[in-house]
Amino acid sequence: MRKSDSLFFLSGAAALVYQTVWIRLLARLLGSDAGGLAIVLAVFMGGMALGATCLAGVARRTSRPVLLFALLEIGLGIWAALSPMMFALVEPTSDGLTRLLLTVTMLLPPTIVMGATFPLMARLTIRAEGQTGTETSAFYGSNTLGAAFGALLGPLLLMPWLGLSKALFAAALLDVLVGVLALSWLSSAGEKERPTREAHTPLPWIDPLLIATFLVGFCGLGLEVILARLLVTVTGSSVYAYAIVLGVFLAGIGLGSRQLVQRGDPKGRGLRADASTFQWVALALPALTLAGLLALRWQLGEGDLFGALQNRMPVGASVPRLWASHALLAALALLPPALALGAALPSAAAGFAERFDPELRERALARIYTFNTTGALFGTLCAGFLLLPRLGPELALLPLLACPLLAGLMTGTKRVARTTLALVATLGLGLLLRGSSTTEQNLEVLYLEHDAHASVSVEEVTKPDAGRVRSLRVNGKVVATTAPVDLRLQLLLGHVPGLLHGQVKSALVIGLGTGMTAGSLLDLEGLEHLDLFEISAAVPGGTRQFAEWNNNVVDDPRTHLHHVDGRHALATSTEQWDLITSDPIHPWTRGSSDLYAREHFEQMAEHLAPGGVASQWLPLYQLSTLDVQTVVATWCAAFPHVSAWLTAYDLALIGSLEPLPGLEESSELSGDLALHLSDAGLHSARGLLALQVADDTSLRAFAEGVEPMSDDQPVLEFRAPFSFLGGYATEVLAWAGRPEFVDQLPASARPRAREVRDALDEFLSELPGGWTAAARRYGERLLALPSANLDQS
């Protein structure tokens with residue numbers, strides 16, 4: 001790799017770190033709903049296309065291209081370093097025009113600069129006619145390989161160790177280094193006078209090769225959306241799984257581009273970057289995509305890749321082995337099409353630019369880049385917000401794969417014959433890819449839907465030892481079931497804070513899931529208004545499959561469902577509620593840290609009505625002791641009055657701004673509330689009181705010395721995936737079951753409290769023999785505690 005290629009590599013790495021962090025910061029201000037994401041993508045990719053188009057002429061005319069390139073890189077680094085301070089000056093907004101203006105202000109200047117570097121890289125490297133294809137392949141491939149490195153560098157190193165703001169600063173230093181080294185290494189590049197002659201016809205805006213490039217860009221990023229969703233449904237949605245998928249895709253594009261450099265030969269031998277090569281890779285792209293999917297299906301042993309998939313874990317898994325399996329699956333599915341996509345752009349660029357005068361070369365390359373990037377933008381938006389939700393992943397592939405076939409038909413030679421051959425190969429592979437589902441016996445898929453945010457399925461399985469159990473999966477992960485222990489958790493997240501408050505009239509639930517937590521609030525006497533914040537439009541249909549257990553909450557007249565980013569909607573709301581409960585996805589999931597951060601918990605506190613109460617789900621599995629302490633410390637930092645209640649192997653954290661009236665020992669449970677709690681093994685107020693494992697003093701002592709998690713240091717999202725394979729947080733469960741706290745409970749609740757802790761002790765002692773069996777027996781004990789007289793009398 002030449003010095004210039006090394007600089008372009010580092011520039012691409014810095015750009016991907018910027019993109020990753022900026023999109024995250026903007027999501028907090030604009031929301032992660034479909035509208036917010038569409039605005040960010042449109043401005044980001046549109047800015048790069050605009051930069052390439054508008055500054056291509058400058059790149060050609062300047063007599064100091066190296067100095068211009070260095071100044072752009074240094075300026076981009078300065079903007080990135082200052083951007084956290086600019087973001088901090090802005091409050092979250094839900095107004096559409098304001099969101100657009102904010103995104104344009106924050107992203108358009110730096111993305112214009114990013115786009116402008118494409119024609120500048122051409123000016124710095126292409127020295128003579130005939131080098132356009134080879135040099136474009138080199139600098140585009142190097143820059144994209146750098147982007148692949150940046151896709152991994154940010155989540156694996158910079159963001160976990162430095163936080164978001166300092167990660168931007170580190171990437172900014174990288175860009176400044178690129179600028180400084182460019183002045184040293186490229187001191188005379190591109191500055192030698194080129195022979196000039198009278199220009200030929202001006203560059204067209206409508207040309208078969210431009211349209212074909214748009215179609216290939218549309219297909220490429222559309223495929224990335226569809227295949228990435230498919231992959232994370234299998235690998236799990238951790239930040240590292242996403243980083244590996246993106247890194248493999250970008251690496252494939254970079255290698256595909258660099259392949260033209262390695263095999264290109266001015267005498268005609270090997271693969272050259274020209275219009276003919278563009279036609280071949282465009283026509284091969286659909287078949288390569290289907291071949292990759294066939295390889296993925298073979299590796300997974302799945303009959304139907306587009307059914308209700310589930311997260312997979314390799315046998316004898318460790319974190320390195322888990323990541324290696326993620327990389328293997330991503331490589332099988334993504335590398336074949338990515339290699340073709342990498343060869344397509346430089347081939348189109350060479351084929352287009354070589355038709356015109358060399359004086360127009362930078363403009364010609366910029367125009368190809370603009371059409372490709374614009375196609376990629378429309379492909380991303382259409383795949384994510386239209387094709388995937390409306391058609392599902394399998395049918396969404398049809399229009400995407402038709403695009404490169406059409407592109408091949410529009411370019412090159414022997415168009416009809418070659419396109420027919422590619423179509424036959426694509427159809428043959430497509431028929432091989434279709435298969436029957438291989439779901440396990442006694443399992444029925446009741447619901448499967450996709451939207452821009454998630455793939456949601458509902459399954460029901462009947463087992464001799466567990467009976468009928470219905471499960472909700474989001475992106476392949478089971479997030480809730482009707483198993484008695486899960487049902488107990490979901491009810492108590494609503495019932496415990498509701499009963500502690502005593503007079504709940506309005507409530508907010510962040511995260512719908514199966515709807516059982518929200519439905520439990522309908523049991524509270526006097527509830528008048530229930531708001532549900534759920535970002536995924538695919539979830540409510542799944543929730544309706546649990547109507548038997550959730551009081552048909554979605555269709556209750558007191559319920560108001562809002563398809564919004566829960567954190568953003570809360571931050572921009574002026575309402576207050578008597579009760580707010582949050583049941584987000586597991587902390588190891590990508591993006592989940594925003595719902596466990598101090599800033600979000602403080603928003604929950606600010607939106608409580610006088611005397612209000614909040615509750616938060618905290619799992620005691622797939623998290624380390626430090627992870628749990630971090631969430632507890634963050635919760636305690638946001639609320640002046642806190643407590644914790646053990647449902648089984650989860651905690652319900654309770655917080656309020658003032659002391660709560662509490663639950664009277666003699667309180668009578670009646671109506672639907674009593675009926676539903678009895679299904680969870682609880683028959684009176686004393687049974688509920690027995691579940692408390694920490695008051696304000698002991699909960700704060702448990703997290704003493706641990707730093708609360710902030711938005712800028714979302715440590716949980718990066719640390720929790722390392723605990724994914726660790727099973728249950730046994731140290732925390734042992735702390736929750738400590739016998740000395742029982743003496744602080746009301747006297748009448750102590751006998752049941754001791755029984756609950758005895759069941760917990762047995763569970764902990766049985767864990768070495770197998771997690772699943774131990775958990776099942778633990779649940780059975782909790783639901784069948786024998787001393788009914790202690791719980792009911």
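The following dialogue goes through a sheet, a pocket, two cavities and two residues of a predicted model.

Biologist: Which conventions apply to the model?

Modeller: The model is predicted, and local features need pLDDT of at least 70, side-chain atom pairs count only at pLDDT 80 or more, and totals for chains, interfaces and linings use all residues. Residues are numbered from 1 along each chain as its sequence is written, and side-chain values use heavy atoms, with hydrogens and water left out.

Biologist: How do strands join into a sheet, and what is the strand order here?

Modeller: Strands of a sheet pair through backbone hydrogen bonds, either parallel or antiparallel. Helices (H or I, at least four residues) and strands (E, at least two) are DSSP runs, numbered from the N terminus, and two strands pair if DSSP finds at least two bridges between them. In this model an open sheet of four strands has the order E1-E2-E3-E4, with antiparallel pairing. Strand E1 (443-450) and E4 are the edge strands; each has a single partner strand, so one side of each lacks a neighbour in the sheet. From one strand to the next, the twist averages 25 degrees, where axes are lines fitted to C-alpha atoms, for helices over the stretch in contact, and angles run from 0 to 180 degrees between N-to-C directions.

Biologist: Which residues stand opposite each other along strand E3?

Modeller: Strand E2 (residues 455-463) pairs with E3 in the antiparallel sense over eight bridges, and Val461 has Val469 of E3 as its bridge partner. Towards strand E4 (residues 477-481), E3 has four bridges, again antiparallel. There, Leu472 stands opposite Ala480, and Arg473 stands opposite Val478. E3 and E4 form a hairpin with two residues between them, and Asn475 in the turn has a positive phi of about 50 degrees.

Biologist: Is strand E3 mostly covered or mostly uncovered?

Modeller: In a regular strand the side chains alternate between the two faces of the sheet. Strand E3 (residues 467-474) is mostly covered, with six of its eight residues buried; buried means under 20% relative accessible area, exposed over 50%, and partly exposed in between (1.4 Å probe, protein chains only).

Biologist: How is empty space found, and what is the volume of the second largest pocket?

Modeller: Rolling a probe the size of a water molecule over the atoms shows where empty space is left. On a 1 Å grid over the protein atoms alone, a cavity is a set of points where a 1.4 Å probe fits but cannot get out, and a pocket is an open set with protein on both sides within 12 Å along at least five of seven lines; lining residues have an atom within 4 Å of a point. Grid points are joined across faces, edges and corners, and a volume is the space filled by probe spheres set on the points. The second largest pocket has a volume of about 540 Å³. Its lining has 21 residues, of which Arg28, Leu29, Arg567, Glu599 and Asp711 lie nearest the centre. Two or more lining residues come from each of helix H1 (3-30), helix H3 (65-88), helix H5 (132-185), helix H16 (566-572) and helix H17 (598-606). H17 gives the most to this pocket lining, with five residues. By class, the lining of the second largest pocket has nine nonpolar, four polar and eight charged residues; Ala, Val, Leu, Ile, Met, Phe, Trp, Tyr, Cys and Pro count as nonpolar, Asp, Glu, Lys and Arg as charged, and the others, Gly among them, as polar.

Biologist: Where is Asp711, and what does Asp711 touch?

Modeller: Asp711 is in the loop between helix H21 (696-702) and helix H22 (715-719). At 11% relative accessibility, Asp711 counts as buried. Not counting residues up to four places away in sequence, Asp711 touches Arg28, Leu164, Arg567, Asp594, Ala597 and Glu599, contact being heavy atoms within 4.5 Å. Arg28 is 683 residues away along the chain, and the C-alpha atoms of the pair are separated by 9.4 Å.

Biologist: How many cavities are there, and what lines the largest cavity?

Modeller: There are three cavities of 30 Å³ or more. The largest cavity has a volume of about 140 Å³ and is lined by 17 residues, with Thr233, Gly307, Leu309, His450 and Ser455 nearest its centre. Helix H6 gives the largest share of that lining, four residues. The second largest cavity has a volume of about 100 Å³, and its lining has six nonpolar, four polar and no charged residues.
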